[in-house]
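Please open the model in your viewer and keep the selection panel at hand, since each stop below names what to pick next.

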Amino acid sequence: MEFSRRDTLALGLGAVALTVLPFQVSAAADDAIASFTGGADMADTGLTLTAPEIAENGNTVPVSVDAPGAVSIMVLATGNPTPDVATFNFGPLAAEQSASTRIRLAGTQDVVAIAKMADGTFARASQAVKVTIGGCGG
Amino acid sequence: MASGVKPRVKVPKTAAAGEAITIKTLISHKMESGQRKDKEGNKIPRSIINRFTVEFNGESVIDATLEPAISTNPYIQFEAIVPEAGEFKFTWYDDDGDVYDQSKKIAIG
């Protein structure tokens with residue numbers, strides 16, 4: 001099979017579109033993070049996000065978050081049509097600031113968690129999850 | 001759509017005062033995300049549990065905001081302190097305005 005000049009150009013454009021696309025998707029996630037943190041800096045430690053490296057079924061992906069001393073933890077799926085997943089607010093009777101749940105992931109992407117600490121600082125953790133079958137049924 | 005919604009929670013029957021216990025909750029709910037389409041290509045409207053709260057003797061343990069990205073039959077596990085004997089109250093809020101609740105008593109011993 002021979003590529004004409006036109007084919008080659010089209011392929012090139014397609015490749016460019018593919019590399020640009022993920023950034024557009026995560027713009028919504030960045031907005032969600034900004035509205036949660038108010039633009040504050042985020043530390044890399046203090047929050048543990050546990051998610052599988054490979055999830056066969058994107059409909060139920062077990063994730064857990066743990067951030068000692070946090071008042072709330074927000075979980076985001078950066079590659080979903082709407083990135084918000086859940087926000088956990090911990091009350092005075094929470095023994096540990098941790099929670100586990102099962103989430104839907106539309107495809108292979110980064111899962112991000114942001115914890116708001118009692119002293120007003122923020123911590124961030126992220127984990128890449130490979131998804132074999134997407135879970136949003138478009 | 002609120003048919004077949006059944007909340008289930010797992011709480012130990014007894015605990016030592018001040019002990020941290022693990023609580024597991026599950027509610028059967030289809031959590032329609034609002035992204036799916038039916039055979040005719042029409043969007044199926046969103047219908048999810050959007051909030052889940054737990055209180056112990058009126059004091060908050062956890063208050064979670066849930067979005068459509070939570071799986072069908074939302075499962076949530078967390079840790080709680082039991083300062084005295086009392087009752088956990090679990091509440092789920094549905095998009096259609098329904099509220100499902102469940103309570104579990106716990107004794108000190």
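Begin by selecting the open sheet of 6 strands, whose pairing is antiparallel and whose order reads β2(A)-β4(A)-β7(A)-β6(B)-β3(B)-β1(B); bear in mind throughout that this is a predicted model. At the edges you will find β2 (48-50) of chain A and β1 (6-10) of chain B, each of which has a single partner strand, so one side of each is left without a neighbour in the sheet. Following the sheet from one strand to the next, you should see a twist that averages 20 degrees.

Next, within chain A, select strand β4 (residues 61-66) and strand β7 (residues 94-103), which run antiparallel and are joined by 6 bridges. Along this pair, A:S64 can be picked out opposite A:S100 in β7(A).

Now show chain B alone, which has 8 strands and 0 helices. Its C-alpha atoms, taken along the principal axes, fill a box of roughly 60 × 20 × 20 Å, and of its 109 residues 42% are buried. Among the chain B contacts with a separation of 6 or more, 58% come from residues 24 or more positions apart.

Finally, zoom in on B:D94, found in strand β7 (residues 86-94) of chain B. Which side chain of opposite charge is nearest to B:D94? It is B:R46, 8.5 Å away, and B:D94 is buried yet has no salt bridge. Displaying side chains around B:D94 brings up a polar contact with the side chain of B:H29 at 2.9 Å, and another polar contact links the side chain of B:D94 to that of B:Y100 at 2.7 Å.

Key: Residues are numbered from 1 along each chain as its sequence is written. Chains are lettered from A and ligands numbered from 1 in the order in which they are written. This is a predicted model: local features need pLDDT of at least 70, side-chain atom pairs count only at pLDDT 80 or more; totals for chains, interfaces and linings use all residues. Side-chain values use heavy atoms; hydrogens and water are left out. Helices (H or I, at least four residues) and strands (E, at least two) are DSSP runs, numbered from the N terminus. Buried means under 20% relative accessible area, exposed over 50%, partly exposed in between (1.4 Å probe, protein chains only). Lys and Arg count as positive and Asp and Glu as negative; His and the chain ends are not counted. A salt bridge is a side-chain nitrogen of Lys or Arg within 4 Å of a carboxyl oxygen of Asp or Glu. A polar contact is a pair of N or O atoms within 3.5 Å; within protein, one must be able to donate a hydrogen and the other to accept it, and residues adjacent in sequence count only if both atoms are side-chain atoms. Two strands pair if DSSP finds at least two bridges between them. Axes are lines fitted to C-alpha atoms, for helices over the stretch in contact, and angles run from 0 to 180 degrees between N-to-C directions. Contact means heavy atoms within 4.5 Å.
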